[in-house]
Amino acid sequence: MWDRLWTGARLATMEQGETPYGAIENGALGVEDGRIVYCGPQDDLPGAPDSLAREIHRLDGRWITPGLIDCHTHLVHGGDRAGEFEMRLEGASYEELLKAGGGILSTVRATREASLESLVATALPRLDALLAEGVTTIEIKSGYGLDVATETRMLRAARRLGALRPVSVVTTFLGAHALPPEFADRADAYIDLMCGSALPAVAGEGLADAVDVFCEKIAFNLEQTERVFRAAQAAGLPVKLHAEQLSDMGGALLAARYGALSCDHLEFISRDGAAAMAKAGTVAVMLPGAFYFLRDTNVPPIAMLREAGVPMAVSTDCNPGSSPATSLLLMLNMAATLFRMTPEEALAGVTREAARALGVQDHRGTLKQGKAADLAIWDIARPAELSYRIGFNPLYGAVKAGEIVERT
């Protein structure tokens, strides 16, 4: 017999087809050994529900979606930057804060001083807030250590979080996030350290699932980015890129050439960059929280990305400096209202396309037989409500690997 069976459900499978949201009315979903074994019309079940599963859960028309996926976060870090938030509101720019030793570097100082236990303890409340909204998979980057010891400690903390909570944690090495003060005016030497020592150490311990770079005028140029990409390739790790957030550096073109999983931000992406991403299958990750928090005015070219056929994901970009956001549901609303994504595109952006951005689309992101039984169950009348409401959480229940999740 199956472990569990949900009946009387409406299923937003998020499988691409003729039906919006891949919807199945009067559906049923069965799980066994952490996997989906049935997902379809209830009338097509191979027998009476009570004869098929040890546990039956009747949902009375509630919706089931894939468990949500937050595919771009900087969840693990020391300290906060509320003081800089005040400074920014008084007129200081992001670049000015960075040049004055603030911005990323202030978080670097706090993170270097934090123990592994402290990093885990301070990240847990942020993680719990996301899990309470149906998140079952999350990506966590390093990038606030900027030395070998702290970068590896951050990634160990991220792995620890996955052991403490019912969530799949995908880790990304972002050593090339900013230039630390001890390497001022020596960016190439810093890239030598990241490629020659930090990345091999991270890969050797199995601490990272991918490698990221911040390619921007205030961070690293194309040649330095490509050096990191080549080192990642040598270590057998896929790449992704913070690209075209503040200017068009041509990062999207470079990332596509290396078959990157994703390019993230993309407010200034060119048409050529979008075409290259579409051809490479590279996902565009939209980060409306950072756009909102930084009071940006250059909206990512959603229509151009859509026309080019670039898959689009949505994420919180949870970080202390430019997006202190721990609500993926709020990001759905922002993606729709600020970026003009449709509610279906936004929901696909935190399920199917977010899974693609992490390279886990074969196992997660849609409701399909054989995939992981990571589910979010919603007390809603239609899926568009998930993008429509602001500050309201309609989660009825969550399921991770077939097990019902108790809220913390």
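The following dialogue concerns a predicted model of one chain and its architecture.

Visitor: On what basis are residues numbered and values accepted here?
Guide: Residues are numbered from 1 along each chain as its sequence is written, and side-chain values use heavy atoms, with hydrogens and water left out. Since the model is predicted, totals for chains, interfaces and linings use all residues, side-chain atom pairs count only at pLDDT 80 or more, and local features need pLDDT of at least 70.

Visitor: How many helices and strands does the chain have?
Guide: Helices (H or I, at least four residues) and strands (E, at least two) are DSSP runs, numbered from the N terminus. On this basis the chain has 16 helices and 16 strands.

Visitor: What is the radius of gyration of the chain, and what does the globule rule give?
Guide: The radius is taken over C-alpha atoms, and the globule rule is 2.2 Å times the number of residues to the power 0.38. Along its principal axes the C-alpha trace spans about 70 × 45 × 45 Å. The chain is as compact as a globular protein of 408 residues, because the rule gives 22 Å and the radius of gyration is close to that, at 21 Å.

Visitor: What percentage of the residues of the chain count as buried?
Guide: Buried means under 20% relative accessible area, exposed over 50%, and partly exposed in between (1.4 Å probe, protein chains only). Of the 408 residues, the buried portion is 59%.

Visitor: Among contacts between residues at least 6 apart in sequence, what percentage join residues at least 24 apart?
Guide: A contact requires heavy atoms within 4.5 Å. Among the contacts so selected in the chain, the portion joining residues at least 24 apart is 71%.

Visitor: What is the strand order of the open sheet of eight strands?
Guide: Two strands pair if DSSP finds at least two bridges between them. The pairing in this sheet is parallel, and the edge strands, each pairing on one side only, are β6 (68-70) and β13 (312-314). Neighbouring strands are turned by 25° against each other on average, direction ignored. The order is β6-β7-β8-β9-β10-β11-β12-β13.

Visitor: What angle does the direction of helix α7 make with that of β8?
Guide: Axes are lines fitted to C-alpha atoms, for helices over the stretch in contact, and angles run from 0 to 180 degrees between N-to-C directions. Helix α7 (residues 187-204) packs on the sheet and touches both β8 (168-176) and β9; its angle with β8 is about 155°.

Visitor: Which residue is the bridge partner of Val211 in β10?
Guide: Strand β9 (residues 210-214) runs parallel to strand β10 (residues 239-243), and four bridges join them. Within β10, the partner of Val211 is Val239.

Visitor: Which residues stand opposite Ala376 in β5 and β15?
Guide: In strand β14 (residues 375-378), Ala376 and Trp378 point one way and Leu375 and Ile377 the other, and all are buried. Strand β14 pairs in the antiparallel sense with β5 (residues 63-66) over four bridges, and four bridges also join β14 to the antiparallel strand β15 (residues 395-400). Opposite Ala376 stand Thr65 and, in β15, Ala398.

Visitor: Why is α13 described as largely enclosed, and which residue caps its N-terminal end?
Guide: Helix α13 is largely enclosed by the rest of the structure because eight of its 10 residues are buried. One of them is Asn333, which counts as buried because its relative accessibility is 8%; Asn333 touches Ser387, Tyr388, Arg389 and Ile390, not counting residues up to four places away in sequence. A polar contact is a pair of N or O atoms within 3.5 Å; within protein, one must be able to donate a hydrogen and the other to accept it, and residues adjacent in sequence count only if both atoms are side-chain atoms. With a side-chain oxygen 3.0 Å from the backbone nitrogen of Leu330, the capping residue is Ser327.

Visitor: Which backbone oxygen does the side chain of His77 reach?
Guide: His77 is found in the loop between β6 and α2 (82-89) and counts as buried, at 4% relative accessibility. Its contacts beyond four places in sequence include Thr107, Tyr144 and Pro320. At 3.3 Å, the side chain of His77 reaches the backbone oxygen of Gly79.

Visitor: How many disulfides are counted?
Guide: A disulfide is a pair of cysteine sulfur atoms within 2.5 Å. Cys215 is in no disulfide, its nearest cysteine sulfur being that of Cys263, 9.2 Å away. Cys215 is buried at 0% relative accessibility, and Cys263 is likewise buried at 0%. The count comes to zero.
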